[in-house]
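Got your viewer open? Load the model, switch to a cartoon view, and follow along one selection at a time.

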Amino acid sequence: MMLGAFALVTSEFLPASLLSPMAVGLHLSNGAAGQVVTVTAVIGIIAGPAVGILVPRMDRRTLLIILTVLATVSNLVVAVTGAFWLLLLARLLLGVAVSGFWSMALAVTAQLVSPARLGRAMMVVNTGVSLATVFALPLGAFLGGLLGWRAVFLFAAAVCAIATAVMRFALPGIAPANTANPRALFSTLRAPVMIVGLIGTCLLAGGHFMGFTYIRVGAAQIPQLSTGNLALLLAVFGLGGFIGNLLAGLVADRWLRPALIVWASLLGVGVAVFALLPGIVPLAFVAVGLWGFAFGGVPTLVQTWAARVEPNRMEAAGSLVVASLQLSIAVGSLVSGVLVDGPGITVSLVAGAISAVLGGLLLSSARNRSTPARATASTQVATAPD
């Protein structure tokens, strides 16, 4: 599961490290080129909730394998096509793969571990996200400078193919949830706590992606930033995300609400400092590291929150969280594209910082009053002998 997450996140966010050369190669503005991220997210809004419902009886291991195959094909098409419309179509295919995988991740992981360890288990899965930002994005920027951006997408296709093979042999068969149906999905969506939490998730993640989609453009404000230093900047972001995810996994099972507030606040501070003080180079690198640390813990914290508010409908809750995250990517990258081509990258980053903090506060307030009792029951079950 961790390797699958690594492959898919690498594929989804490679444009963040290759945006400028992609724009030049496709004869587009930076704002227009950034929409390759938007289209991936737009289809994900629909695909996340729909995948499990369309194949309610399919073994979830088989489904995950099919989705990583789709990602492999998508990367191959992006690497070889010269038509922008076909590139967008391939990225739509990737959106189906990414959203489908993440909509299943929570429910699949919940079948592999005891309830009391779900937060830590999601941390392990989301380590794939952290590793992607630590290694893949900086490496993408570096290899893009040496070999061209198309070669980097060939690399991503190979990683997806490897992940497909490993999941085929490492994962056990995973039975689908008995709540994989439209009724469970809409019942989950109607719950007030879920509505509040999903809005908070959109604001939190959307604020991040308002900056992250155009982080290369923002980094251009740092004096004398070479390609090597850009790769180092992205590596700092990724290393911060790796550490942030590990610490989030340690606290998610016990101190979820305070963690949501702390991580969202740190994200806002990191983005704001990066936006407003890029001329102080060491401080810019520290700000990016803090930014990466904060967002690195967000997937684990949000997924743990979803499992707590809907412990009996995790596929539905997981798919709705994925839909909200993809919506935040689409809206965040779209709005920031307009701002980048208009007022500028600084305005986009500051707006993202404010959105992230507000989202974290709202998400932390969304909880079921019965959650503590349910968590206690889960812990008691988990500590009983097998």
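## Stop 1: H9 and H14

Start by selecting helices H9 and H14: H9 passes H14 in a right-handed crossing. H9 covers residues 192–212, and its axis comes within 7 Å of the axis of H14, with the two crossing at roughly 40 degrees. That angle is why H9 and H14 count as oblique to each other. Colour the touching residues by class and you'll get 14 nonpolar, seven polar and no charged ones in the contact of H9 with H14. Keep in mind as you go that this is a predicted model.

If you're wondering what those two numbers are for, a pair of packed helices is described by the angle between the axes and the distance between the axes.

## Stop 2: H5 and H14

Keep H14 on screen, hide H9, and bring up H5. Here the axes come within 8 Å and cross at roughly 145 degrees. H5 passes H14 in a right-handed crossing.

Now show some side chains. On the H5 side, pick Val-98, Ser-99, Trp-102, Ser-103, Met-104, Leu-106, Ala-107 and Ala-110; on the H14 side, pick Met-314, Glu-315, Gly-318, Ser-319, Val-322 and Gln-326. These two groups meet each other. Sorted by class, the contact of H5 with H14 has eight nonpolar residues, five polar and one charged.

## Stop 3: H5 again, now with H1

Leave H5 where it is and swap H14 for H1. H1 runs over residues 2–26 and H5 over residues 84–112. Which way do H1 and H5 run relative to each other, roughly parallel or roughly antiparallel? Their packing angle is about 155 degrees, with the axes 10 Å apart. Angles over 145 degrees count as roughly antiparallel, so H1 and H5 are roughly antiparallel to each other.

The crossing of H1 past H5 is left-handed. To see who meets whom, select Gly-4, Ala-5, Leu-8, Val-9, Ser-11, Glu-12, Pro-15 and Leu-26 in H1, then Phe-84, Leu-87, Arg-91, Leu-94, Ala-97, Val-98, Phe-101 and Trp-102 in H5. By class, this contact of H1 with H5 has 12 nonpolar, two polar and two charged residues.

Spot Val-98 and Trp-102 in that selection? Both were also in the H5 group that meets H14.

## Stop 4: Leu-14

Stay in H1 and click on Leu-14. Is Leu-14 buried or exposed? With a relative accessible area of 0%, Leu-14 is buried.

Show what surrounds it. Leaving out residues up to four places away in sequence, Leu-14 touches Ala-136, Leu-137, Gly-140, Val-152, Phe-153 and Ala-156. For a distance to try in the viewer, go from the C-alpha atom of Leu-14 to that of Ala-132: the two are 118 residues apart along the chain, yet 9.5 Å separates them.

## Stop 5: Leu-131

Next, jump to helix H6 and select Leu-131. Leu-131 has a relative accessibility of 23%, so it counts as partly exposed. Not counting residues up to four places away in sequence, Leu-131 touches Phe-6, Ala-136 and Phe-242. Ala-136 should ring a bell, as Leu-14 touches it too.

Try another distance: the C-alpha atoms of Leu-131 and Ala-107 are 24 residues apart along the chain and 22 Å apart in space.

## Stop 6: the salt bridges

How many salt bridges does the structure hold? There are two. The general idea is that side chains of opposite charge can pair when their charged atoms come close.

For one, select Asp-253 and Arg-120, whose closest N and O atoms are 3.3 Å apart. Asp-253 is in the loop between H11 (227–251) and H12 (256–276), and Arg-120 is in H6 (residues 118–147), so the pair ties together parts that are 133 residues apart in sequence. Asp-253 counts as partly exposed at 22% relative accessibility, and Arg-120 counts as partly exposed at 37%.

For the other, select Glu-310 and Arg-313, with closest N and O atoms 3.2 Å apart. Glu-310 sits in the loop between H13 (281–309) and H14 (314–341). At 8% relative accessibility, Glu-310 is buried, whereas Arg-313 is partly exposed at 23%.

Last click: show what lies around Glu-310. Leaving aside its neighbours within four places in sequence, Glu-310 is in contact with Thr-188, Ala-191, Met-194 and Ala-317.

Notes. Residues numbered from 1 in each chain as written. Predicted model: local features only at pLDDT ≥ 70, side-chain atom pairs only at ≥ 80, totals over all residues. Heavy atoms only, no water. Axes fitted to C-alpha atoms, helices over the stretch in contact; angles between N-to-C directions. Helix = DSSP H or I, 4+ residues; strand = E, 2+ residues; numbered from the N terminus. Parallel < 35°, antiparallel > 145°, perpendicular 65-115°, else oblique. Left-handed = near helix turned anticlockwise from the far one by under 90°. Contact = heavy atoms within 4.5 Å. Nonpolar A, V, L, I, M, F, W, Y, C, P; charged D, E, K, R; others polar. Salt bridge = Lys/Arg side-chain N within 4 Å of Asp/Glu carboxyl O. Buried < 20%, exposed > 50% of the residue type's maximum accessible area, 1.4 Å probe, protein only.
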